[in-house]
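Okay, thanks for coming, everyone. I'll put the structure up, and then we'll walk through it piece by piece.

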Amino acid sequence: MRLHALQVTAFGPFADSVAVDFDELASDGLFLLSGPTGSGKTSILDAVCFALYGDVPGDRGSAKRLRSDQAAPGVAPEVALEFTVRARRFRLVRSPQWTRPKKRGTGVTTEQAHVVCSELVDGTWTPLSNRLDETGHLITGLLGMNMAQFCQVALLPQGQFQGFLRARSEERHALLQRLFATDRFEQIERWLRDHARALRREVGDSEVALGRAISRVEEAAGTAAPDEVSETVSWLDAEVGRSLQEAQRAATMLTDTAARRADADLALIQARELARRQQLGAEAERTLAALAQETAAHERRVEVREAAQRAAVVLPLVRVATEASVAQSRYQAAVDAALTDAVRLRDTAYASGYLHDDGGLPFDDIDALALLLGPAEERLREADTLVPLASEVAAINPQITALGHEVAERDAAIERVQAEAVEAPEERNRLEAALRESVAESDRAQLLAGEVATLRTRLAAAERLVLRRADLTRAEAGERAATERLFAVKEAWLSAQESRLHGMAAELAAELASGDACPVCGSGDHPEPAQTSPSTSTADEVKAARSLVDDAELARATAESELRSLSADVARLTEAAGDGTVAELAALLAGKGEELARAEQAAARLPTTQQALDRLAATQEAREQKLIELSNQRTAAVATCTTLEARRDHLRQQLGARADEPRLLATLRAEQRLGSELVTALSTAMRHRERLVEATASVQRAEAELRATAAAQRFASPREAADAALDAGAVRALEAAIAEYEDRRRSAQGTLDLPDVIAALAAPAPDLTQLATTADAAQVAEAEAIRSDTGARRRNERVAALAVEVRATFDALAPRREAAQVAAELAAMVEGKSTNNALRMRLSAYVLSWRLAQVVDAANERLSRMSDSRYLLEHSEQRGAHESRGGLSLVVRDGWSGEARDPATLSGGETFVVSLALALGLADVVAGEAGGTELDTLFVDEGFGSLDAETLDDVMDTLDALREGGRVVGVVSHVDQMRSRIPRQLRLTKGRTGSTVEVSYLTA
């Protein structure tokens, strides 16, 4: 993969848009990213990683704060990257999630992350995807590696490899597993472990099931199982046979007792049947004797029933005659009452002038009164015609009056609304002026809020700056002390080394023996061998002094790192705090805060003023609508009043001469009531007279038919027939008594005539008590035999079934134990817990150990050149100190001393060289593992400041070698020597408004 161009907008420290042309930087194959701390060197690498994978490495990715703080409020953060992979050119445009001001109103809204992936096809960018997940799969497939692998291969984080170099086996295991995706071997370990546990649980469950089954057999058989498992099967066979024999004996006993009980039950049943027949015969004889004494009463009941049956024929005619007589009396009374009402109403009509007396009709003559019906009905029709007209006139008059009042009220309301409308313009002008003032204060409050936020940031930075400057002073003192300590121990080491060199002749002389050749001059004579001086240093002393030098160098490097970090913090905080002391900034913040509070208080009135203005406009609109409604209502009332007056005049014309009568409607309604009552009374009297005539004829017919029917039923008179009649209940009682007598007599005589009863009465009475005792004893014996048979049969079935279960469980247990043992041994082996695993190395660690050996081989190819063949990395399968697992240990072989050293004993420069070689070696192996994707562009981040000039030359030679095959190497560093050694440079400059970039080329 080769990078071509990068454009970054509002991302990290870059507030504006910056562009990086990697093709221009790649012309020499090696370029430098330089700039002060915090200018954005690492952010360039973060932008490349974010464009490809949508995330940045390390803790910066977890912070979720990618947008530049110096960017303008509405500028969207965006990264665009062009690159070529596998002969295809792509462009990725990616934006992270960020918060922007709302386009309408106040506040902020969240813009979601988005991406556009395009490919250059025939000179045109063709979109491939705009989905985050789809683009992620596409890039991972093209590069053949995930983000962690890419960061380890293309963005060599040297500082992380110092940690990897000195890490414990467990820590290396985690990193290598992530890079080489060997978690499947851990899944195999977990599966084997879980499988062994599952088999152990199955064996345990089978053993428990076997024990429970044997316990149930013991419980069912009533005997204890043998202690030896080998004897269990023979014991089971014996118990099954014994339970079968007991079941057979119980079945034979049950058959015998059942036969004896059947004989006893049959004898008892026959005796009870004989006793029952004897009792039936005796009861029938007693019943016939009792019925013979009731014969006279039975015959009297028969006679009374026959008379009641004849009277029942006459009785309906008695009721008919009685009802006709009652109806005759009722209609006579109705005629008399109707005649009285008619005469009274006639006199009232004469007296009121409603009717005219033509000569005085007889008082009680219905026929004469009937002559008044015609005139009364005519006057009633006249009243019915005039009453609705007079009633409508009476209803219209109040309506006309009410409409006149309504017109007056609408006129007054119109005047009031018009008066209110005069004051509205002045109030609207006042509210509009207040609204403009509140809007201005709101805008001012927003500006003040930004100034207050800036002042708070500056004040916080100023307060932290005071603390950091104190820390910086202490760090400077610590760095000076560490430097002085380094110079002191280095001087002591040089003195010890010089002392040892001066005493080297004495050291060689001490190893000479008589006759041996001198290693210096070759002579076999040693007349005056050199003597060891008390001040001469030994090899151990020189080695110890060197160890102190290494420790002092490490301490000084740590102090320098802390000093650089604090210096960067002080510079950043100084820039953030700006001019002014903490007190001045606090006072300025307090003043701005008060101004902001006043402006916000004034701006807070904006919604209230706007609401009042809206209410005023709504009121004016409602007032205009009200005027329209009132005018419409007045017009409608006037029109309705005119229509009603015209209708009233028309009705008065129809009333004619009676229209001006006082209380006309009451008079007409009184005449209407009198006429209606008179017509009703006359009609009722005539109708009742007709019914009276019909009722009199009915009485005569009913009496004649009653006398004839009574004589036909052999009664002297209707009265005699009525006395003989009985109600339905009495008749049913007589018939029931007669039927009961006949039924009892027939039943008793029928029982005595039965042959079985005749034979039973002739036989002697049986002894039921003795027979019942014999049957009960036979039943108890049979029940006991049934219980014994049931228990023996169930016990036999249970023992046989449990024996089958025990045999099956016993047969399945042995292979399960064997399988569990094999699984446990294999799980222990792959987990490094088995005694057969001498290195106690897990399967996943074994695979990673092989990978690490590849990494070490690849790293040593470059380490040998960079260290002038002094250092080589060695992969050790032995466990390190305080490590529970082996296989991933690293040591450094020192070619000068021939000893293997712990990486922690290396100096700062040596650690960088070894770490860089390890990083390059791991990058080669990971690239090969990822499918052989060629990385034509890679970056090496920091660490060059700890190298001396000679080592730096070796490292530069190695970096030059990385350019073979057209590869481009970017070095990230702010070391001055690197700026002078690498002419092609990408320089970054930081400032208050964000960082900028420029490409430069240094000529010799």
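Before I talk about who pairs with whom, one convention: two strands pair here if DSSP finds at least two bridges between them. And keep in mind that this is a predicted model.

With that in hand, let me start with the little sheet. It's open, it has 3 strands in the order β11-β12-β13, and the pairing is antiparallel. The edge strands are β11, residues 871–876, and β13, and each of those pairs on one side only. Between β11 and β12, which covers residues 889–894, there are 6 bridges, and the two run antiparallel. If you want a register mark, take Leu873: its bridge partner in β12 is Val892. Then there's helix α23, residues 843–866, lying across β11 and β12 and running at about 175° to β11.

Okay, over to the other sheet. Here 6 strands form an open, antiparallel sheet, and the order is β2-β1-β4-β5-β8-β9. Now, which strands stand at the edges? Those are β2 (14–21) and β9 (124–129); each has a single partner strand, so one side of each is left without a neighbour in the sheet. As for twist, neighbouring strands are turned by 20° against each other on average, ignoring direction.

Let's zoom in on β1. On one side, β1 and β2 pair antiparallel over 6 bridges, with Thr9 standing opposite Ser17 in β2. Those two strands form a hairpin with 2 residues between them, and Gly12 in the turn has a positive phi of about 60°. On the other pairing, β1, residues 2–11, meets β4, residues 78–85, over 7 bridges, again antiparallel. There, Ala5 stands opposite Glu82 in β4.

Now for the helices on this sheet. Helix α2, residues 41–53, lies across β1, β2, β4 and β5 (88–95), at about 100° to β1. Helix α4, residues 132–143, lies across β4, β5, β8 (114–121) and β9, at about 145° to β5.

That brings me to the packing. The largest nonpolar core has 44 residues, and the ones with the most contacts inside it are Leu6, Phe22, Leu52, Phe83 and Leu143. The element that gives the most to this core is α2, with 9 residues. So what does Leu6 touch, leaving aside its neighbours within four places in sequence? Its contacts include Val18, Val20 and Phe22, then Ile44, Ala47 and Val48, and also Val79 and Leu81. There's a second, separate core as well, with 34 residues, including Leu176, Leu888, Val925 and Met978.

Next, a pocket. The second largest one has a volume of about 810 Å³. It is lined by 26 residues, and the closest to its centre are Lys543, Arg546, Arg870, Asp894 and Ser897. The elements giving two or more residues to that lining are α13 (424–502), α15 (539–577) and β13 (900–901). The largest share, 9 residues, comes from α15.

One last residue, Leu345, which sits in helix α10, residues 295–352. Is Leu345 buried or exposed? Buried: the cut-off is under 20% relative accessible area, and Leu345 comes in at 4%. Leu345 also has a partner worth pointing at, Val679: the two are 334 residues apart in sequence, and 9.4 Å apart in space, C-alpha to C-alpha.

That's my tour, so let's talk.

Conventions
Residues are numbered from 1 along each chain as its sequence is written. This is a predicted model: local features need pLDDT of at least 70, side-chain atom pairs count only at pLDDT 80 or more; totals for chains, interfaces and linings use all residues. Side-chain values use heavy atoms; hydrogens and water are left out. Helices (H or I, at least four residues) and strands (E, at least two) are DSSP runs, numbered from the N terminus. Axes are lines fitted to C-alpha atoms, for helices over the stretch in contact, and angles run from 0 to 180 degrees between N-to-C directions. Contact means heavy atoms within 4.5 Å. A nonpolar core is a set of buried Ala, Val, Leu, Ile, Met, Phe, Trp, Tyr and Cys residues joined through side-chain atoms within 4.5 Å. Buried means under 20% relative accessible area, exposed over 50%, partly exposed in between (1.4 Å probe, protein chains only). On a 1 Å grid over the protein atoms alone, a cavity is a set of points where a 1.4 Å probe fits but cannot get out, and a pocket is an open set with protein on both sides within 12 Å along at least five of seven lines; lining residues have an atom within 4 Å of a point. Grid points are joined across faces, edges and corners, and a volume is the space filled by probe spheres set on the points.
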